[in-house]
Amino acid sequence: MKWLIVAYGGKKEDVESMKHFLVSYDTSITVFETDSCFDDSFLSAVADCEYCIWLGDTEGAEVKELPFAFGYILGKDIPVFSVRKEGAREWGKLPLTTSEYHEYTSCSALLEILESRFPEFLQREKQKHARHALLDAGIPFNPDSFAFHIASDDEKECQLFIDAGIDVNSRDAAGTPMICIAARHNRREMIEKLLALGADINAVSKDRGYSAVMDAVWKSNTEIVEFLVERGANLSYISRDGQPVLVLAVGTGNEKVCRILTEYGADPFMCDAMGMSALSYAKLFKKESLVPIFEARRK
């Protein structure tokens, strides 16, 4: 993270306080101090920085380069944190409507704000580096690309997407949520990570109309099914083709999955589009081990 401190006539102790604070976060610091003019070295410093602390004294407003320098920084969309004592003279008609400009009346007030906001700055920095890493690897930063790497179990690349700030509730072009992509490809660790980052456990895909737990049932992945129901996955959804989750489970023949779903509240008497329930299918296809599991719910 690169910071520029403009200390045109500012107090030396304020400059040192700012430098000491920024060094504690292992940042790169350039201090621009001059008594004459803002030359090419200043322009180079601005071009290389990401944040600016302006400690310039407004008593130097007569210096013609001062408004230019200030406006140049704002024009580069660089966030500026300025100390301007209450009652100090303004620098003419500078356009200070930008949200990137923040003004404080003392160095201590500014330090307090920076301390509270630095986690945000560090997160921005992490996102920027992750996006550059994806770009350097020729990987587009979009949901379809993220879905591809989830399906491929590319742990390093998936982490770059997360670090870069991908929306964990985004969907691929077919309308499939990332958590469903992970369930369909048996990516337990990715499901955990997505949920920890705020993914909707009950998001439903547009193709099959499955939630993540339904995808896990369809894949007969007992571990993921159990993980999702323990975390409160909704077991009452009906898929696009009219199947409740337990009917889907009977079709896979996975007794353990059927038992887990029933124990967590899935209804074995809920009918599908054909008017058949999980219990009905268990009897029809002579899956006798499932019948007592479902019948127990009747009691």
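I'm calling a residue buried under 20% relative accessible area, exposed over 50% and partly exposed in between (1.4 Å probe, protein chains only). By that rule, I find both Trp3 and Phe121 buried.

**Ground rules**

I'm working on a predicted model, where local features need pLDDT of at least 70 and side-chain atom pairs count only at pLDDT 80 or more, while totals for chains, interfaces and linings use all residues. My numbering runs from 1 along each chain as its sequence is written, and side-chain values use heavy atoms, with hydrogens and water left out.

**Overview**

I looked up the secondary structure, taking helices (H or I, at least four residues) and strands (E, at least two) as DSSP runs numbered from the N terminus. The chain has 14 helices and five strands. Of its 299 residues, 45% are buried. I noted an exposed surface of about 15200 Å², with carbon and sulfur atoms supplying 49% of it; the areas come from the Shrake-Rupley method with a 1.4 Å probe, and for residues only the protein chains shown count as cover. Then I checked contacts (heavy atoms within 4.5 Å). Among those between residues at least 6 apart in sequence, 67% join residues at least 24 apart.

**The strands**

How do β1 and strand β2 run? I see them parallel, joined by five bridges. For the record, two strands pair if DSSP finds at least two bridges between them. Leu4 has Thr30 in β2 as its bridge partner.

β1 also pairs with strand β3 (residues 51–54), again in the parallel sense, over four bridges. There, Val6 stands opposite Trp54. I checked the cover on β1 too, and four of its five residues are buried.

Moving on, β3 and β4 run parallel and are joined by three bridges. Trp54 has Ser82 in β4 as its bridge partner. Next, β4 pairs with strand β5 (residues 101–104) in the parallel sense over four bridges. Phe81 is matched there with His102.

I then looked at which way the β4 side chains go. In a regular strand the side chains alternate between the two faces of the sheet. In strand β4 (residues 80–83), Val80 and Ser82 point one way, Phe81 and Val83 point the other way, and all are buried.

**Aromatic rings**

My ring rule: Phe, Tyr and Trp (its six-membered ring) pair if their centres lie within 6.5 Å, with planes under 30 degrees apart counted as stacked, over 60 as edge-to-face and the rest as tilted. I get 13 aromatic pairs in the structure. Trp3 and Phe121 make one that is edge-to-face, at 5.8 Å centre to centre and 65° between the planes. Why does this pair tie together separate parts? Trp3 lies in strand β1 (residues 2–6) and Phe121 in helix α4 (residues 107–136), so the two parts it joins are 118 residues apart in sequence.

Phe121 has another ring partner in Phe118: the centres are 5.5 Å apart and the planes sit at 80°, so I log this pair as edge-to-face. Phe118 and Phe121 are separated by about one helical turn because they are three residues apart in helix α4. Phe118 counts as buried because its relative accessibility is 0%. Phe121 also has a relative accessible area of 0%.

I followed the ring pairs further, and they link Trp3, Phe21, Tyr25, Tyr51, Phe81, Phe118 and Phe121 into a cluster.

**Charges over Trp218**

Here I count a charge as over a ring if NZ of Lys or CZ of Arg is within 6 Å of the ring centre and within 35 degrees of the ring normal. Arg208 lies over the face of Trp218 at 3.8 Å from the ring centre. Lys219 also lies over the face of Trp218, at 5.6 Å.

I looked at Asp215 as well, and it belongs to helix α9 (residues 212–218). Its relative accessible area is 0%, so I call Asp215 buried. Leaving out residues up to four places away in sequence, Asp215 touches Cys180, Ala183, Arg184, Arg208 and Tyr210.

**Cysteines**

How many disulfides (cysteine sulfur atoms paired within 2.5 Å) does the structure hold? I find zero. Cys52 is in none, and the nearest cysteine sulfur, on Cys49, is 5.9 Å away. Cys52 counts as buried at 0% relative accessibility. Cys158 is buried too, with a relative accessible area of 2%.

Notes:
A disulfide is a pair of cysteine sulfur atoms within 2.5 Å.
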